[in-house]
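Reader: Please take a close look at the salt bridges of this model, with attention to where the partners lie and whether they are buried or exposed.

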Amino acid sequence: MLNPMSVMVLFEGEHRRLVLWVPVMLALGALAYFLWPCEPGWGVGVVLPAVVAGLCLGACFCWPHSLLARLPGGVGVALAVGFGVAWLAAHRQPPMPELPRRGTEVTGIVRDIAYFPAPMEQGGLMRRITLAQAVLHDFVDDGMQPLRRTLDIRLVPQDSVALLPGDGVRVRAVLQPPPFPALPGGRDRQFEAWFSGRAGSGYAQEPVLVESGPQPSAFGASQVLDTLRERVDARIRHVLPGASGAVVATVLDGRAEAVPQSVREDFAASGLAHLLAVAGLHLGIVIGAAMLVCRMVLATWEYAALRWPCKAVSAFVAWVVGGGYVLLTGVHLPAERSWLMSSIVVFGLMVGRRAVSMRGLALAATLMLLVAPQVVLDVAFQMSMAAVIALVAGYEVLHPRLLRGLSGLAGVRQTLVRHGLMLVLTSLLAGTATLPVVMAHFGVVQPFFVLANLVAVPLMALWIMPLGLIALLAMPLHADGPFLHLMNGGVRIVLWLAHCVAGWPGARIVVPAMPGWGLGAVLLGLCWLCLWRGAWRWWGMPVVLLGTITPWLMTQPDILISPDGQLMGVRDAATLRVMGHARDERVVKAAWAQATALPVSDFPAKGVAGAETADGSLICGEGEVAGTCALLRHGQEVVLRIHDSSDGRAALPNNVCAQAAAVVSVAPLRESCLDVPVRLDRFTAWRGGAQAVFLAHGVRVTSDRQRRGERVWVLKPGGHGMPTLPLAQAE
């Protein structure tokens, strides 16, 4: 049994590792803000964290030699700073504008152009443009200032107008705000849009028109980079059309939209999805290749080899090249994190310190959390940090033992065995550490990820990326074709490997949704396991295991209701039966299937008489009431009105509601079933968003609005935002 004094002794023994917990405490402080039940004002968001940080700093200065004072004081400061910077990051974003719910003329400046596969019946590629400084031309928004957020608009398939970033355009489009989560606790696209600067999306109703005349420049260097990316992408698609060309474009310019869905599924099932996300692997290859070439060039120059610190110079040049690659690929979060980490590595090489260390990782994570605290909820940040922290901690422990075990070998044999073992070890450490994160965000487990990565990663490092870099350098001379074709040969091997591994039995195992606290337990347990050195580090292992198995410990909802109230999903042992129709039906069904780890099947949409499930728990058409079903489960009866042509004006008969514990309707219930304890209809969905109904111990309803609360990024009921024109001062 540990007492407080023995715990302090353990902390004193790990005093050099305490600083590694600073980013963890910052992340917990930011997470506390994002999970706050309601939006805090200035007092709680800024003043209170400042007071707490000041008091904790005062305690640290008053008792500088007491670990009992400095430890809680440091924790308090980090938590308060994390909470405060998260509040500031959320409140410095521009408000979400009110978008019209009809076809509207929109003008703006093209910021980016993305390509993605068209539907199967059309074939080819479609385009999506990102508009900045957009203006809505309708009678409601007449005279508005340009939007401070961007709009993503999908162009019509037959639109062949040549576009470049910086062009001024006019298009008639149907717009919609960021959607509500498909189920309580599901992916929050409104949160993502709030921090990414997006106002919404839509689709064009007719071809886009390019407006002549000079357009106001709003992007500067970013416009130049976007134009360069567009030209590189167009060149690659011209030389290498098809799926392999889309993968080549992904690793060279960061545009992954054109990768076919079948290829994405193969890469995900085989554990190779990280190859389609420009991150640490790609940047590490680029920096390593640049550093190798620079050192070889300096070694051939006698003056530099004898007088210059060639290693430090090569590291700096490689760092600059890596920064250029990050800019070319779109400055995505994983690449930003990797480049920031490489900055610390380069600085360490220049001052003679260890290139890769846990302190360097902690510094990189701290800087990212201070600049953009919202990354704490981002899957890319979580996966990157989990993989790198596992790699650094794993090599700290295992690398010396690996070298001792290979001491009996020599020459080429030792080199091959060492690199082979390190490749396996790297795949195991990174793959195992990120496995729970993949489960939480994507609902899958890939058992064969190590085997696939043993072949794909060396191909990417030794063949695909080096040839890709040479092709980029040769593009200005129009000599990139041979190198792109050679690169394409390696990509085709990776595509074949991913398809083969994805076809193996059990290559993709679906798992139910992991609760947020389960993922938090995994990440905290992983930090405890990797950041300490003593034997008590192993206390984190049970926490990681507990968090990993939480998907199978949680009670699954019996009924799911879509955000617009038009879809209902009834879960049984083997299937999620969906009834009704909705505009976003495909997206909602996909989210429900991932959350429940069940296949989705459509149930008769109009309550066909006699339609029922095999176990008889779901029956439709009973009592001669069209469009109505009854669910009998856990001793509870739930009436489901899945079709109502009267829009609720025709009341349900009293005999239908007599024994019901709840009634759910796609239309307003109005005067129907007034004595039923739980009544859910289109209006409750409008007010509360998506809903989940649990029947195991009475009827319990959880709504999206209850889970997220009233926050600045949560749109008002119906998806309404801030009007684009100033509000009147008085009526």
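Author: Buried means under 20% relative accessible area, exposed means over 50%, and partly exposed lies in between, with a 1.4 Å probe and protein chains only. This is a predicted model, in which local features need pLDDT of at least 70 and side-chain atom pairs count only at pLDDT 80 or more, while totals for chains, interfaces and linings use all residues. Residues are numbered from 1 along each chain as its sequence is written, and side-chain values use heavy atoms, with hydrogens and water left out.

The chain averages a pLDDT (the predictor's confidence in each residue, from 0 to 100) of 85, and 93% of the residues score at least 70. Among the elements, helix H1 (residues 4-13) has the lowest mean, 69, and helix H2 (residues 22-34) the highest, 96; helices (H or I, at least four residues) and strands (E, at least two) are DSSP runs, numbered from the N terminus. Where pLDDT is low, the predicted coordinates should not be read in detail.

Side chains of opposite charge can pair when their charged atoms come close. With a salt bridge taken as a side-chain nitrogen of Lys or Arg within 4 Å of a carboxyl oxygen of Asp or Glu, a search of the whole structure finds 22.

One of them joins the side chains of Asp233 and Arg237, at 2.9 Å from N to O. Both residues belong to helix H6 (residues 221-239), where they lie four residues apart, about one turn of the helix. Asp233 is buried, at a relative accessible area of 3%, whereas Arg237 is partly exposed, at 23%.

A salt bridge also links Glu396 to Arg533, at 4.0 Å from N to O. This pair connects distant parts of the chain, 137 residues apart, since Glu396 is in helix H14 (residues 379-405) and Arg533 is in the loop between helix H18 (516-531) and helix H19 (540-548). Glu396 counts as buried, with a relative accessible area of 19%.

In helix H23 (residues 704-708), Asp704 and Arg708 are four residues apart and therefore separated by about one helical turn, and their side chains meet in a salt bridge of 3.1 Å, N to O. Both partners are buried, Asp704 at 2% relative accessibility and Arg708 at 11%. Elsewhere, Asp647, Arg649, Arg670 and Arg682 are joined into one network by salt bridges that share partners.
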